[in-house]
Amino acid sequence: MNLFGIFGGEEFILFLPETNLKLALLCVDRIRKIVEKIDFPKVGHPVIVSIGVGQYQSEEELVHIVDGGINLCTGQSITAETEWG
């Protein structure tokens with residue numbers, strides 16, 4: 001079963017437990033492209049989408065891996081997805 005939820009103020013988490021890393025990267029790339037096309041008039045500038053992808057190790061390690069990927073993209077101030085861990 002896939003799960004989606006809020007993980008922090010402006011962060012979301014998506015669990016795809018039966019999806020391999022390659023397919024997960026394709027999935028998040030599609031999400032990123034869809035969000036980039038949405039007009040957010042109250043924001044006043046283009047929305048940057050940073051997505052971290054991690055392969056399941058353990059529950060604690062998974063959160064660390066994904067958060068590290070998000071921070072890597074955010075630190076570069078780019079719209080991207082990354083494989084981390």
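**A tour of the nonpolar patch and its hairpin**

Begin by selecting Leu14, which is partly exposed because its relative accessible area is 33%, a value between the 20% and 50% limits of that class. The model is a predicted one. Leu14 is located in strand β2.

Next, extend the selection to Phe4, Ile6, Phe12 and Ile31. Together with Leu14, these residues make up a nonpolar patch on the surface, whose combined accessible area is about 530 Å². Two elements, β1 (3–6) and β2 (12–15), each contribute two or more residues to this patch.

Now keep Phe4 and Phe12 in view. Phe4 has a relative accessibility of 63% and therefore counts as exposed, whereas Phe12, at 48%, counts as partly exposed. How many aromatic pairs does a search of the whole structure find? The search finds 1. The pair consists of Phe4 and Phe12, with ring centres 5.7 Å apart and planes at 10°, so the two rings are stacked. The angle leads to this description because planes under 30 degrees apart count as stacked.

Then display the backbone of β1 and β2. The two strands run antiparallel and are joined by 4 bridges. Select Leu3 to see one position of this pairing: Leu3 stands opposite Phe15 in β2.

Finally, move to the residues between the strands. The hairpin of β1 and β2 has 5 residues there. Which residue in this hairpin takes a positive phi? Select Gly8, whose phi is near 100°.

Methods
Residues are numbered from 1 along each chain as its sequence is written. This is a predicted model: local features need pLDDT of at least 70, side-chain atom pairs count only at pLDDT 80 or more; totals for chains, interfaces and linings use all residues. Side-chain values use heavy atoms; hydrogens and water are left out. Patches are made of residues with over 30% relative accessible area and no salt bridge: like charges are joined within 9 Å, nonpolar side chains (Val, Leu, Ile, Met, Phe, Trp, Tyr) within 5 Å. Accessible areas come from the Shrake-Rupley method with a 1.4 Å probe; for residues, only the protein chains shown count as cover. A salt bridge is a side-chain nitrogen of Lys or Arg within 4 Å of a carboxyl oxygen of Asp or Glu. Buried means under 20% relative accessible area, exposed over 50%, partly exposed in between (1.4 Å probe, protein chains only). Rings of Phe, Tyr and Trp (its six-membered ring) pair if their centres lie within 6.5 Å; planes under 30 degrees apart count as stacked, over 60 as edge-to-face and the rest as tilted. Two strands pair if DSSP finds at least two bridges between them.
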